[in-house]
Amino acid sequence: MKQELQQLVDRGEFLPLMEEFYTIQGEGYYKGTAAYFIRIGGCDVGCHWCDVKESWNADLHPPTKISKIVGNAVKYSDTIVVTGGEPLTWDMTLLTSQLKANGLKVHIETSGAYKLTGTWDWICLSPKKLKSPTNEIYLKADELKIIVYNMNDFKFAEEQASKVSDKCILYLQPEWSNRDKMIPEIVDYVMKNPKWKVSLQTHKYLNIP
Ligand code: SF4
């Protein structure tokens, strides 16, 4: 990337846009809600089961002016979900301020591995073992979503739940490729530990993006 363009990306005036699409939020508290998704490229967390590995290399995704991203978003929905990749790789201040200036509700899906920037109406924190969230984001998270790939993830879930605020909603979500094995375990765990709720990737069952 040319140096000038890199500076614009570093300031959050341009962002590496992987894709943007209008769909139904499939997961967590807002499941079933129509929302416009903005997927920003770039992530170095490295989850082996990641279902958007093509997002990892930001250089593959064109630096896009945020006014263009916002201009597209306002045409579709009041609810915007910024996801990735790991969107907090970048400074989200300008993107979120422009979205909110247009009266939109702005949600983020993040591992929390990097500094929290931007102004958010809803923070979905989905911590990963390979890169811990920053201390700051735990207390600001509205929902905690733990991806359960194997039995060790229940212990990780409890460790993470001990760090969030009392108002944070707690979700256990089966990793898609291992769902047949883990759904019965999650159901059993939630019935024994009802502070948790089950989250499913319902968009995948609906066969939508
Ligand atoms: S944090 Fe998200 S985008 Fe990054 S590797 Fe993990 S699942 Fe994939």
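**Figure 1. Close-up of N207 in the segment that follows helix α7.** In this predicted model, N207 is exposed, with a relative accessible area of 70%. Because the cut-off for an exposed residue is over 50%, N207 falls in that class at 70%. The residue is located in the segment after α7, the helix that spans residues 202-205. Its backbone is notable for a positive phi near 60°, in a residue other than glycine.

**Figure 2. Close-up of the cysteines at the annotated binding site.** The unreviewed UniProt entry places the feature "binding site" at C43, C47 and C50. The lining of the largest pocket includes C43, C47 and C50. C47 belongs to the loop between β2 (34-40) and β3 (63-65), and C50 is likewise found in the loop between β2 and β3. C47 is buried, its relative accessible area being 12%. C50 is also buried, with a value of 18%. Both assignments follow from the cut-off, because buried means under 20% relative accessible area. Leaving aside neighbours within four places in sequence, C47 is in contact with K53, W56, K128 and L130.

**Figure 3. Close-up of S55 and its surroundings.** S55 is placed in the loop between β2 and β3. Its relative accessibility is 0%, so the residue counts as buried. The side chain of S55 reaches the backbone oxygen of V52 at a distance of 2.6 Å. When residues up to four places away in sequence are not counted, S55 touches M18, G41, G42, C43, H61, G84 and G85. Among these contacts is C43, one of the residues at which UniProt places the feature "binding site".

**Figure 4. Close-up of the cis peptide bond between G84 and G85.** G84 and G85 are joined by a cis peptide bond, with omega of about 20°. G85 sits in the loop between β4 (79-83) and α3 (93-101). Both glycines of this bond are in the set of residues touched by S55.

**Figure 5. Close-up of S199 in the loop between β9 and α7.** S199 lies in the loop that connects β9 (196-198) to α7. With 3% relative accessibility, S199 counts as buried. Two polar interactions of its side chain are shown. One reaches the backbone nitrogen of G28 at 3.0 Å. The other is a polar contact of 2.8 Å with the side chain of Q173. Not counting neighbours within four places in sequence, the residues in contact with S199 are E27, G28, K145, Y171, L172, Q173 and P174. The C-alpha atoms of S199 and I186 are 9.7 Å apart in space, and these residues are separated by 13 positions in sequence.

**Figure 6. Close-up of the salt bridge between K131 and D44.** Side chains of opposite charge can pair when their charged atoms come close. The count of salt bridges in the model comes to 13. One of them is formed by K131 and D44, whose closest N and O atoms are 3.9 Å apart. K131 lies in the loop between β6 (122-125) and α4 (135-140) and D44 in the loop between β2 and β3, so the pair ties together parts 87 residues apart in sequence. K131 is partly exposed, at 29% relative accessibility. D44 is also partly exposed, at 46%.

**Figure 7. Close-up of the salt bridge between D51 and K204.** The side chains of D51 and K204 meet in a salt bridge of 2.6 Å, N to O. The pair links distant parts of the chain, with D51 in the loop between β2 and β3 and K204 in helix α7, 153 residues apart. D51 counts as partly exposed at 48% relative accessibility. K204 is partly exposed as well, with a relative accessible area of 24%.

**Figure 8. Close-up of the salt bridge between K129 and D153, and of a salt-bridge network.** The closest N and O atoms in the salt bridge of K129 with D153 are 2.6 Å apart. K129 is in the loop between β6 and α4 and D153 in helix α5 (residues 152-161), so parts 24 residues apart in sequence are tied together by the pair. K129 is partly exposed, with a relative accessible area of 46%, whereas D153 is buried, with a relative accessible area of 6%. Elsewhere, salt bridges that share partners join E27, E109 and K145 into one network. Two members of this network, E27 and K145, are in contact with S199.

Definitions and conventions
Residues numbered from 1 in each chain as written. Predicted model: local features only at pLDDT ≥ 70, side-chain atom pairs only at ≥ 80, totals over all residues. Heavy atoms only, no water. UniProt positions renumbered as here; feature names shortened; annotations may be inferred. 1 Å grid on protein atoms, 1.4 Å probe; cavity = no way out; pocket = protein on both sides within 12 Å on 5 of 7 lines; lining within 4 Å. Helix = DSSP H or I, 4+ residues; strand = E, 2+ residues; numbered from the N terminus. Buried < 20%, exposed > 50% of the residue type's maximum accessible area, 1.4 Å probe, protein only. Contact = heavy atoms within 4.5 Å. Polar contact = N/O pair within 3.5 Å; in protein donor to acceptor, adjacent residues only side chain to side chain. Salt bridge = Lys/Arg side-chain N within 4 Å of Asp/Glu carboxyl O.
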